[in-house]
Amino acid sequence: MSKDVREVYEAISPADFFYRNREIAGFDNPVRATYTIVRELVENSLDACETHGILPSVYVSLTETGRAGVYRIRVEDNGCGVPKEYIPSAFGQILFGSKYVLRQTRGMFGLGGKMAILYGQITTHSSVKIISGTGGPVKYQCELMIDIQSNKPILLRGGIKTLPNPLYWHGTIVEFEFEGDYSRSKGRILDYFRQTAIILPYANISFITPEGIYYRFLRVTDKLPKIPKEVLPHPKGVDVELIKRLVKRTRSDRMVDFISYNFHRVGRKTALALLKRAKIDPNKDPKELTSDEIVKLVNAMKRYDNFLPPDASCLSPIGPELLVKGIEKELKPEFVYAVQRKPSSYSGHPFIVEAAIAYGGGVQPPKPGEINLYRYANKIPLLYDTASDVSFKVIKSIKWSRYRIDLEMPIAFFVHIVSTKVPYKTVGKEFIADIPEVAYEIEWALKTCARKLKSYLMSKIRRIAIERRVNVLEKYLPKIAQFSSELAGKNPSSIDVEKIIGRLRR
Ligand code: ADP
Ligand code: MG
């Protein structure tokens, strides 16, 4: 008789999935987890400020608890805060968030902050404490844990408490314990703060380390980049599922209206052209579309070449002026030049590349074989896997000798890409894929900066040569003037040596 062989089947929750696969989100080991926890919480704070036009002030403290390898992290910000009804899910339900719309933010999955909290919970079995205010007369406080199997927050100690908020404070404080390794993640964490200070010259960021060292990165400007706006999906990036969802919630009863109201940069004329290609009647009710027609519509949108590219109102680049300010503040270079490229797009996703080159002064030459490359995506510094990043490859491919640049010189490169969908190669969000459109923009941004550096270096060489000549002349010219005027029987003071030298310097 044959044995009954049966698999055991079960469904797991998103929290359970990420609990089992935490390395996907950057929680592989205590060293990496310490860095990722700091980064995820700081990023939530910065998003909460910038999407509401608030100049960020973020305070981070990491303290030892007295138990081996257990730290307590506390992050306080002055952001928009979280309304009472969303606090439990925002901090206790994986894949819940306010960033699923088309708008540039650092977070996008409804995951990072909660993974940090979940990591704290599974390594120390402790809860997270949240205090949040949205600028009203009261603020809220609660303690919670995540029920991993059901992916639900469990409120502790009597639920959410309402506290007076006499100063009408808005912001959020998040505090919990986790098992980590600060001494081995310290280098990365400090790099993360320093590089963040470069890209955010308008932010105040404080960090108190477990050793009690107080790092302060102060703002040097009150100018914030423009707030990103939410936009409609661009037709180049749509698929069948998206059309189905839009059909479900549309109030239009004619296809031509449905298309022109629901897609970014599509007007009536384009809508009619698309419908003609898909052989769909413009007066048809969208709710009556057949599956076959939806597929035809998607294909027509994919093949249509005359769409206007996505506009960049959903993006929030920092601009050359702020980039230069940030670089000057943190690195004090002798020369710096920054550019911003025009908006571009790949597969229907808008993006903008900004880049800068800094030279000399506080910029050190790179270690042999390396490049001083500062990479940023949506204002997040990317610190791991530099050699796999598209910017690294672009820099390696440029003929720098044309610009009189040698990669061993004290040069630092900065590349910032902002997009509603940064083309990261992995979920770990550490390096950017070689998308040809992106590589092209990076290349031209860097080449523009390189041309400026070249002319700076050339004029510097010229200045040095003139200075050398002037030094020699300053030594001998007065004597020559004296001899020659004596020979000519004239008064030596009639020759204005200073004036001659001044002319050379010009
Ligand atoms: P994500 O940032 O990808 O959306 P998170 O788990 O990090 O996912 O955060 C979930 C949600 O909680 C965010 O979308 C945001 O709405 C809210 N949130 C988290 N931290 C803060 C904060 N410091 N201030 C305001 N809102 C926050
Ligand atoms: Mg986040």
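How do the residues of the lining of the second largest pocket divide into nonpolar, polar and charged? They divide into 19 nonpolar, 16 polar and 12 charged. The model you are looking at is predicted, and this briefing takes you through its two largest pockets, one after the other.

**The largest pocket**

- Let's start with the space inside: the largest pocket holds about 1100 Å³.
- Its lining is made up of 40 residues.
- If you want to find the centre in the structure, look for Tyr 100, Val 101, Leu 102, Pro 233 and Leu 242, the lining residues that lie nearest to it.
- Two elements each supply at least two residues of this lining: the helix α6 (240-249) and the strand β11 (349-359).
- Of these, α6 provides the largest share of the lining, with five residues.
- Sorted by class, the lining of the largest pocket has 18 nonpolar, 13 polar and nine charged residues.

**The second largest pocket**

- Here the volume is about 920 Å³.
- A total of 47 residues line the second largest pocket.
- To locate its centre, pick out Asn 44, Asp 47, Gly 97, Ser 98 and Lys 99, which lie nearest to that point among the lining residues.
- Several elements give two or more residues to this lining: α2 (30-50), β2 (70-77), α3 (87-92), α4 (112-124) and β6 (170-179).
- The top contributor is α2, which gives 11 residues to the lining of the second largest pocket.

Methods. Residues are numbered from 1 along each chain as its sequence is written. Chains are lettered from A and ligands numbered from 1 in the order in which they are written. This is a predicted model: local features need pLDDT of at least 70, side-chain atom pairs count only at pLDDT 80 or more; totals for chains, interfaces and linings use all residues. Side-chain values use heavy atoms; hydrogens and water are left out. On a 1 Å grid over the protein atoms alone, a cavity is a set of points where a 1.4 Å probe fits but cannot get out, and a pocket is an open set with protein on both sides within 12 Å along at least five of seven lines; lining residues have an atom within 4 Å of a point. Grid points are joined across faces, edges and corners, and a volume is the space filled by probe spheres set on the points. Helices (H or I, at least four residues) and strands (E, at least two) are DSSP runs, numbered from the N terminus. Ala, Val, Leu, Ile, Met, Phe, Trp, Tyr, Cys and Pro count as nonpolar, Asp, Glu, Lys and Arg as charged, and the others, Gly among them, as polar.
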